[in-house]
Structure formats: structure tokens, C-alpha cells
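User: Hi, I'd like to go through this structure with you. Can we take it a question at a time?

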Amino acid sequence: MSRIARSYAYLLPGLPLGVAAFVVAVAGTSAGVGTLVVWLGVPVLVGVLAAARGFARAERALVRTAGITLKAHHYRTPRRWWSWLADPQSWRDLLHAVVAFPVHVITFSLAVVWGVGGAGGVLYVLWEWALPRDDEPNGLFGLITGVDSRLGEIALNTAIGVVLLLTLPWMLRALVAVQAGLVRGLLTNETAALRARAESLESSRRSAVQAEAQTLRRVERDIHDGPQQRLVRLNMDLETVARRLDDDPERARPLVAEALAQSREALAELRALSRGIAPPILADRGLGPALAAAAARCPTPVVLDVDLPDGVRMAAAVENTAYFVVTESLTNVAKHARASQCVVTVGVDDDRVLVQVRDDGRGGAHLGKGHGLAGLADRLAAVEGAFDLVSPAGGPTVLTAAIPLVGV
């Protein structure tokens with residue numbers, strides 16, 4: 001019974017949806033093609049394709065109510081509004097709106113006739129008394145046999161009703177298969193979806209390689225500008241100490257103290273660099289404590305709001321990416337924003353980790369090539385995450401990152 005209900009829930013709304021889609025598709029396409037000569041037809045056709053996409057989305061949702069799983073489909077991301085005209089799937093949606101109309105009419109009619117006719121035939125004995133009669137043969141039995149028999153009429157209609165109700169599940173299954181088959185043929189395109197997925201993965205791979213290269217360059221630059229210079233200075237001081245220990249030990253003493261200071265500073269800088277890559281606290285205690293430590297080191301006051309599941313560790317790639325987003329954002333705030341306060345919010349939404357960093361600084365941040373924010377975008381693209389930046393002149397700056405929960 002549940003299958004019959006799902007089938008009717010799919011077939012019956014299909015007719016009004018099909019009528020609306022057909023009218024919009026035919027009228028809109030005719031108007032668009034007819035006015036192409038004056039260029040008015042271009043926005044009209046774009047609007048028709050957008051409407052066809054909406055009808056296709058509703059059709060796919062109806063198919064799922066019947067318990068049918070559809071393969072993937074893919075729409076190209078339009079760079080300009082007229083780019084809709086170059087999207088193959090949008091034209092397939094429009095074709096479906098036209099072709100599916102007669103199919104909807106047939107499947108709707110047969111589904112109603114089979115169900116209502118079967119129920120009416122089985123219950124014929126309860127309502128046949130209300131039918132008008134005369135001396136001539138009446139009803140289906142009379143038309144077939146030429147004999148006016150009330151009992152024969154009841155028996156024939158009841159038998160027809162029983163046959164219709166017994167075959168109703170198979171009829172509905174066939175109608176659903178026909179209507180859903182048209183949806184599979186025109187409103188899905190697994191090949192295009194797989195091709196787009198492959199292109200997305202290739203883009204993610206390139207972004208990962210670029211992000212890794214930028215990270216390596218940054219680490220190399222920081223080591224060259226900081227610890228390496230101090231270690232060179234330390235080596236020179238130790239050579240001077242070695243020469244003076246024999247002839248003037250007292251003059252060597254301050255050089256030893258200075259060398260110790262240089263070694264401590266080099267060690268501190270190396271530890272800071274290691275925290276920027278993957279701090280031990282992140283691996284040992286998780287994302288929350290690691291972000292608390294990073295917020296405490298930031299020279300700008302930070303309000304930290306972390307809402308993560310207790311006792312559940314996320315995949316290492318997710319935690320590392322979220323930590324990198326927050327620390328890189330705090331570094332940019334401290335260097336460039338001139339902010340008095342920064343608010344960091346981290347939480348889990350369905351299958352994503354949402355990270356938002358908001359500061360009350362001067363704004364004007366952008367994704368310029370070679371800047372830290374561009375590296376953030378590449379790092380997120382490597383894990384198929386989303387990145388959004390709003391930073392009007394004068395502030396505030398709001399950076400939002402969504403990281404998929406892979407490998408949890």
C-alpha cells in the first residue's frame with residue numbers, strides 16, 4: 001500500500017507541474033526566438049532556461065517521492081548571465097518540459113482511471129441503484145449481451161473492478177517507470193557530472209600543490225630571515241669566543257652571554273614556525289585547545305567561540321585546515337587590519353566545519369595574488385572547501401570558510 005501511495009504522490013502532481021512547464025517552455029521559447037532579431041530574445045531565452053531549471057528541480061524532487069534514486073546532473077557555472085545559453089543541461093531541461101507534457105497527461109489519466117475505476121467497480125453494488133433505468137438494456141452488460149439483467153450488470157462491473165484493483169500495482173509501476181525514465185534520460189547526465197567532478201578534483205590538486213609551494217616558500221623565507229641569520233651570528237660569536245679564550249677569557253664572557261641569547265631567540269623563532277605548520281597541541285589535544293593557544297598569542301584581543309562535539313576528533317586534514325585558516329587570519333589581522341578586537345567562531349554545521357573570523361579593522365582586504373588570503377583560498381580548495389571574504393573599505397572584515405568533514 002505504501003508503494004501505491006508513493007506512486008500516486010509522484011504521478012498526480014506531475015500533471016499540473018507538466019502543464020505549467022509546457023506552457024512556460026513553449027510560450028517563452030516562441031517569444032524568445034521571435035525577438036532574437038532585436039536582441040530582446042536573449043534575456044527572454046535566459047529567463048526561460050532559468051524557469052526550465054526550476055521545473056526540472058521540482059521534477060527530480062517528485063521522482064524521489066516515489067523512492068527512485070537518480071544519477072547525478074551538472075550545470076555549468078555561468079560567468080555572465082548570457083552564459084546560460086551555452087549550458088547543455090539547461091537545454092535538456094527545456095526539452096524535458098516540452099516532451100514530458102503528453103507523458104504526464106497519459107500517466108495521470110491512466111493512474112486515475114485504474115484507481116477510481118477499480119474502486120468504483122468493486123463498490124458498484126452499493127451505488128448502482130442510483131442509475132436511471134428504462135425498458136431497454138442498460139449498462140455495460142446490456143450493451144455486450146443485449147440482455148437487461150441487473151445481477152449481470154453488478155457481476156460484470158464488480159469483476160472489472162477487481163481486475164483493475166489487482167493489476168493497479170503493476171500499472172502504477174509501469175507508469176512510474178515511463179515517467180521516471182524520461183527524467184533519467186533528460187534531467188540526469190552522469191557523464192557530464194563525472195567530467196565536472198574530475199575537473200574539480202584536478203583544480204583542487206593544482207590548488208593543493210600551489211598552497212604547498214606557497215607554504216614552503218613562506219617557511220623558507222621565515223627561516224632565512226630569522227633563525228638562519230641568528231645561527232650565522234651565533235657561529236661568528238662562538239668563533240670569536242674560541243679565539244679569545246686563550247688570551248683574554250674575560251672579554252670572551254660577554255660574547256658567550258650574547259651567543260646564549262642568540263640561541264634562545266633562534267629556538268623561539270623555530271618553535272613559532274613549527275606552531276604555524278602543525279603545533280603539537282593540535283595533534284595531542286585537538287582543535288579547540290590549539291585555537292585557544294593561537295588566540296592567546298595574537299597581539300590583537302581575540303574573542304574565541306568554539307562549539308565542537310565533545311570527545312570526537314575530526315580528521316587530521318580538517319583540523320589542520322581549520323587551524324591554518326584561523327592562524328593565518330589572525331596573522332593578517334595583527335599585521336594589516338589595525339583592529340581593536342577580533343571574533344573567531346568555529347562550529348559544525350551538518351557535514352561541514354564553519355570558521356568565521358571577524359575584525360573591526362580598516363577593511364579593504366582582498367584576494368590578491370601572492371597575499372596570505374590567496375593562500376587560504378588555495379588551502380581550502382585543496383580540501384574542496386568554500387571561502388568567502390567581505391571586507392569593505394572602513395571595515396568590518398568577515399572571513400568565512402566551510403571545510404567538509406572528510407574522513408570522520
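Analyst: Sure. One term before we start: helices are DSSP runs of H or I with at least four residues, numbered from the N terminus. Also keep in mind that this is a predicted model.

User: Which helix holds Val122?

Analyst: Going by those DSSP runs, one helix covers residues 88–122. Val122 sits in that stretch, so by the numbering from the N terminus the helix is α4.

User: Is Val122 buried, partly exposed or exposed?

Analyst: Buried means under 20% relative accessible area and exposed means over 50%. Val122 comes in at 31%, so the class is partly exposed.

User: How much accessible area does the nonpolar patch with Val122 have together?

Analyst: Val122 shares this surface patch with residues including Leu123, Trp127, Trp129 and Leu166. Helices α5 (124–127) and α7 (150–187) each supply at least two of the patch residues. Together, the patch has an accessible area of about 940 Å².

User: Which strands stand at the edges of the open sheet?

Analyst: The sheet has 5 strands with mixed pairing, in the order β1-β2-β3-β5-β4. An edge strand has a single partner, so one side is left without a neighbour in the sheet. That's the case for β1 (302–307) and β4 (386–390).

User: What is the bridge partner of Gln356 in β5?

Analyst: Strands β3 (residues 352–359) and β5 (residues 397–404) run antiparallel and are joined by 8 bridges. For Gln356, the partner in β5 is Thr400.

User: Which helix packs on the sheet, touching β1 and β2?

Analyst: Look at residues 287–297, whose direction makes about 175° with that of β1. That helix is α12.

Terms used:
Residues numbered from 1 in each chain as written. Predicted model: local features only at pLDDT ≥ 70, side-chain atom pairs only at ≥ 80, totals over all residues. Heavy atoms only, no water. Patch = residues over 30% accessible without salt bridge, like charges linked within 9 Å, V, L, I, M, F, W, Y side chains within 5 Å. Areas by Shrake-Rupley, 256 points an atom, 1.4 Å probe, with all protein chains shown as cover. Salt bridge = Lys/Arg side-chain N within 4 Å of Asp/Glu carboxyl O. Buried < 20%, exposed > 50% of the residue type's maximum accessible area, 1.4 Å probe, protein only. Pairing = 2+ DSSP bridges. Contact = heavy atoms within 4.5 Å. Axes fitted to C-alpha atoms, helices over the stretch in contact; angles between N-to-C directions.
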